[in-house]
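Q: Could you take a close look at one part of this model for me, the place where the two chains meet? I would like to follow the helices there and the charged pairs as well.

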Protein chains: 2
Amino acid sequence: MVEKLMEHDLEELNKLLLTMAGEVERQLDLAIRALVERDNRLAEEVIAGDSLIDQREVEVDHRVIELIVRARPMARDLRLVMTAIKIAPDLERVADHAVGIARQALEINRLRPLKAFITIPRMAEKASSMVRDAIGAFVKGDSQLARNVIDRDAEVDWEFEQIFRELLTYMMEDPKTIRRALALLMVSRALERIGDHGTNIAEQVVYLVDAEDIRHRRPERADGD
Amino acid sequence: MVEKLMEHDLEELNKLLLTMAGEVERQLDLAIRALVERDNRLAEEVIAGDSLIDQREVEVDHRVIELIVRARPMARDLRLVMTAIKIAPDLERVADHAVGIARQALEINRLRPLKAFITIPRMAEKASSMVRDAIGAFVKGDSQLARNVIDRDAEVDWEFEQIFRELLTYMMEDPKTIRRALALLMVSRALERIGDHGTNIAEQVVYLVDAEDIRHRRPERADGD
């Protein structure tokens, strides 16, 4: 009976995480559209929508605690629910970054466009798909997919370096672009951090599935979150 | 017997978190000194020291899981150990930001000084003391102290705004300062994020002690981590 209960509980927990991940992905998508389409209403929508995501994190906490008390999971099941409780804050912070991007969009939309948006939407798609796949890897218990997500972080970091250099050139050539370039720099930084959160989640999944703690074995990525 | 065991376990867990917090504080202190004293060796020390902090987070996870399996904590004790597992990643990320600052220090130390460091060490001390007090609040179960930490986040945010404006002025007046100013901007941003992590920890403590979820009640602070 306990086992049956547990299975059902875990399914519910997975569903909750998938729902939260979908909502977070939508927030990020809207924030990027607010920027590309210069649409302040979309930015406001992202800012207003943040409290729902925050609530989801609290829901995950409550669900996990209740589950531990009631079903007393052991061994792998316990590690599974502990992983859920560590994954939810990463998702919540991705949503916070979406809000940060929406705020920058409100600022940027007041100014003349600096350039067409090509790199930023591409970078956003890469970062977003990392988070999506990391959650997918958790739900399916697929460590191969999780490792693939971890490998993709270097691409997002590389995109950030490219944008950083490009914006630096703009600023140096024409100080009138500094304010806009800085705002875009903050947007790119947020996307780079979203990739890091995808990586964090993926590392938790690898740890869970392969019982191997690779979380902190990559000295090259230690640069805040 | 189980109760006695639990008490001892919780003490050990507190000790581990305090050790980790002390090590993280030292990392940040060294990173700021690397910048102010233009000392690359200190920066290298911070970068090399990061793996120890990473290991501490893994230790906390293992300790908590082992504790749940062995002592089967209920109610408040369970919430306590779940809080520990959510606090450790915040500490680990503060240390990551210290590494980020150390990396920027290596970059900045190659260039001519832009200005005397006054605001940044002051901001670092504020952010660092927030983290220290948040951990102290957890260990002592002091929600008053935790609320005080949360209130102090606005000061750190205000310092960031000041530095941002000052650096913007430098950049606009003399494009030759852009590279240095951007590096200092990244340092200030890292400090602002460290304040956010202190706030996260403090919010967890208030939640734990007062059983009130204030974590996501402050709409004004939603700007990535």
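A: Happily; here is a walk through the contact between the chains and the helices behind it.

This is a predicted model, so local features need pLDDT of at least 70 and side-chain atom pairs count only at pLDDT 80 or more, while totals for chains, interfaces and linings use all residues. Residues are numbered from 1 along each chain as its sequence is written, chains are lettered from A and ligands numbered from 1 in the order in which they are written, and side-chain values use heavy atoms, with hydrogens and water left out.

Let us start with the interface as a whole. Chain A brings 49 residues to the contact and chain B brings 49 residues, where contact means heavy atoms within 4.5 Å. About 4,600 Å² is buried between chain A and chain B, and carbon and sulfur atoms give 63% of that area; buried area is the accessible area (1.4 Å probe) that two parts lose on being put together, summed over both.

Now for the helices, which are DSSP runs (H or I, at least four residues) numbered from the N terminus. Helix H6 of chain A (residues 178-210) packs against helix H5 of chain B (residues 143-173) at an angle of about 130 degrees, their axes being 11 Å apart. Axes here are lines fitted to C-alpha atoms over the stretch in contact, and angles run from 0 to 180 degrees between N-to-C directions. H6(A) and H5(B) are therefore oblique to each other, given that angles under 35 degrees count as roughly parallel, over 145 as roughly antiparallel, 65 to 115 as roughly perpendicular and the rest as oblique. On the H6(A) side, A:Ile178, A:Arg179, A:Leu182 and A:Met186 meet B:Phe164, B:Leu168, B:Met171 and B:Met172 of H5(B). The residues of this contact comprise 7 nonpolar, no polar and 1 charged; Ala, Val, Leu, Ile, Met, Phe, Trp, Tyr, Cys and Pro count as nonpolar, Asp, Glu, Lys and Arg as charged, and the others, Gly among them, as polar.

Within chain B, the axes of H5(B) and H6(B) come within 8 Å and cross at roughly 165 degrees. That makes H5(B) roughly antiparallel to H6(B). Their contact divides into 19 nonpolar, 5 polar and 8 charged residues.

Finally, the charged pairs. The interface of chain A and chain B holds 6 salt bridges, each a side-chain nitrogen of Lys or Arg within 4 Å of a carboxyl oxygen of Asp or Glu. A:Asp90 and B:Arg93 meet in a salt bridge, at 3.1 Å from N to O. Over all chains, the structure has 42 salt bridges. Inside chain A, A:Glu25 pairs with A:Arg132 in a salt bridge, with the closest N and O atoms 2.4 Å apart. This pair links distant parts of the chain, A:Glu25 in helix H1 (residues 2-36) and A:Arg132 in helix H4 (residues 119-140), 107 residues apart.

How values were computed. Helix = DSSP H or I, 4+ residues; strand = E, 2+ residues; numbered from the N terminus.
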